[in-house]
Amino acid sequence: MSHERDGAIDATRNYDAELRDNAGRKYAYNFDLDVMHPFMVRSFIPFFQTGNCLELGSYLGDFTKRLLKHFDQVTCVEASGDAVAHLESTLGDAVRCVHATFEDVQLDRHFENIVLTHVLEHLDDPVLVLRRINEEWLTDNGRLLLVCPNANAPSRQIAVKMGLIPHNAAVTDAERQHGHRITYSLDTLERDARVAGLKVIHRSGIFFKALANFQWDRLLATDIISQDYLEGCYQLGQLYPDLCASIFLVCEKAG
């Protein structure tokens with residue numbers, strides 16, 4: 001399987017096997033689920049449009065459940081049949097599941113809100129998918145809410161200085177095992193959005209982060225980190241988006 005950004009789509013990927021292989025690995029940290037997910041939704045709320053919602057890459061539905069607090073139903077496109085079965089068994093009629101890859105899926109409607117969180121970095125051809133969002137799936141007044149891990153997060157920059165990774169945007173062995181193809185920064189993420197024809201109307205970061213996820217998980221199990229401290233990291237991230245755990249773009253159809 002090639003991990004290079006050559007624009008080719010890897011038709012050999014087995015998404016069910018990837019889901020099963022990753023099930024025993026620590027990938028969805030408590031920091032992601034309990035800290036980042038709520039702050040992502042909080043960042044999204046001012047940009048939600050009235051109407052329907054499409055989530056691209058729902059995995060096991062942890063973030064989907066948070067979206068359902070703001071939308072009556074969420075359409076989920078998911079490449080893993082195992083994940084689709086889990087979504088349907090746990091969320092029922094609240095989700096409209098479409099089992100397909102983003103490259104091949106055919107959708108029968110347009111959407112006012114499209115959510116893509118920590119997914120783009122997994123794709124073999126991210127610009128192709130962003131172009132499909134722009135040309136096929138967004139309504140004329142719709143918005144794409146796009147979040148990716150940040151290459152310039154202080155935790156990664158510290159890892160570079162420690163000699164653990166060669167440069168900020170490197171794809172680590174652990175990330176590669178989980179299907180990462182690229183590590184975005186604000187400039188490269190906006191580049192791909194613009195190449196796909198999207199107009200970026202807002203750019204920001206989510207949560208100032210100087211520690212690795214596993215370190216955060218250990219701290220969250222103690223009384224060292226208070227909710228006020230988490231709030232402070234979130235607010236500081238608004239001032240220093242390039243030093244956040246995740247980078248965030250809001251995009252609309254151009255022209």
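Throughout these legends, a residue is called buried under 20% relative accessible area, exposed over 50% and partly exposed in between, with a 1.4 Å probe and protein chains only. By that criterion Phe31, at 1% relative accessibility, counts as buried. The model is predicted: local features need pLDDT of at least 70, side-chain atom pairs count only at pLDDT 80 or more, and totals for chains, interfaces and linings use all residues. Residues are numbered from 1 along each chain as its sequence is written, and side-chain values use heavy atoms, with hydrogens and water left out.

**View 1. An open sheet of seven strands with mixed pairing.** The strand order is 3-2-1-4-5-7-6. Strand 3 (95–99) and strand 6 (198–208) form the edges, each pairing on one side only. From one strand to the next, the twist averages 20°. Helices (H or I, at least four residues) and strands (E, at least two) are DSSP runs numbered from the N terminus, and two strands pair if DSSP finds at least two bridges between them.

**View 2. Strand 5 and its two partners, strand 4 and strand 7.** Strand 4 (residues 111–117) and strand 5 (residues 138–149) pair in the parallel sense over six bridges; Leu116 has Leu146 of strand 5 as its bridge partner. Strand 5 and strand 7 run antiparallel and are joined by six bridges. Here Leu144 stands opposite Cys251 of strand 7, and Cys251 counts as buried at 0% relative accessibility. Nine of the twelve residues of strand 5 are buried, so that the strand is mostly covered.

**View 3. The connection over helix 5 and the packing of helix 2.** Strand 4, helix 5 (residues 126–137) and strand 5 make a right-handed β-α-β unit. A crossover is right-handed if, with the strands pointing away from the viewer, the path from the first strand over the helix to the second runs clockwise. Helix 2 (residues 30–44) packs on the sheet and touches strand 4, strand 5, strand 6 and strand 7 (244–253), contact meaning heavy atoms within 4.5 Å. The direction of helix 2 makes about 140° with that of strand 6; axes are lines fitted to C-alpha atoms, for helices over the stretch in contact, and angles run from 0 to 180 degrees between N-to-C directions.

**View 4. An aromatic cluster that includes Phe31 and Trp216.** Rings of Phe, Tyr and Trp (its six-membered ring) pair if their centres lie within 6.5 Å; planes under 30 degrees apart count as stacked, over 60 as edge-to-face and the rest as tilted. A search of the whole structure finds eleven aromatic pairs. The Phe31 and Trp216 rings are stacked, because their centres are 5.3 Å apart and their planes lie at 25°. Phe31 lies in helix 2 and Trp216 in helix 9 (residues 213–220), so this pair ties together parts 185 residues apart in sequence. Phe207 and Trp216 form an edge-to-face pair, with centres 5.5 Å apart and planes at 70°; both residues are buried. Ring pairs also bring Phe39, Tyr229 and Tyr234 into the cluster.

**View 5. The surroundings of Cys97.** No disulfide, defined as a pair of cysteine sulfur atoms within 2.5 Å, is found in a search of the whole structure. For Cys97, the nearest cysteine sulfur is that of Cys76, 5.2 Å away. Cys97 is buried, with a relative accessible area of 18%. Ala83, in helix 4 (residues 81–91), is buried at 0%. Between Ala83 and Cys97 the C-alpha to C-alpha distance is 9.9 Å, with 14 residues separating them in sequence.
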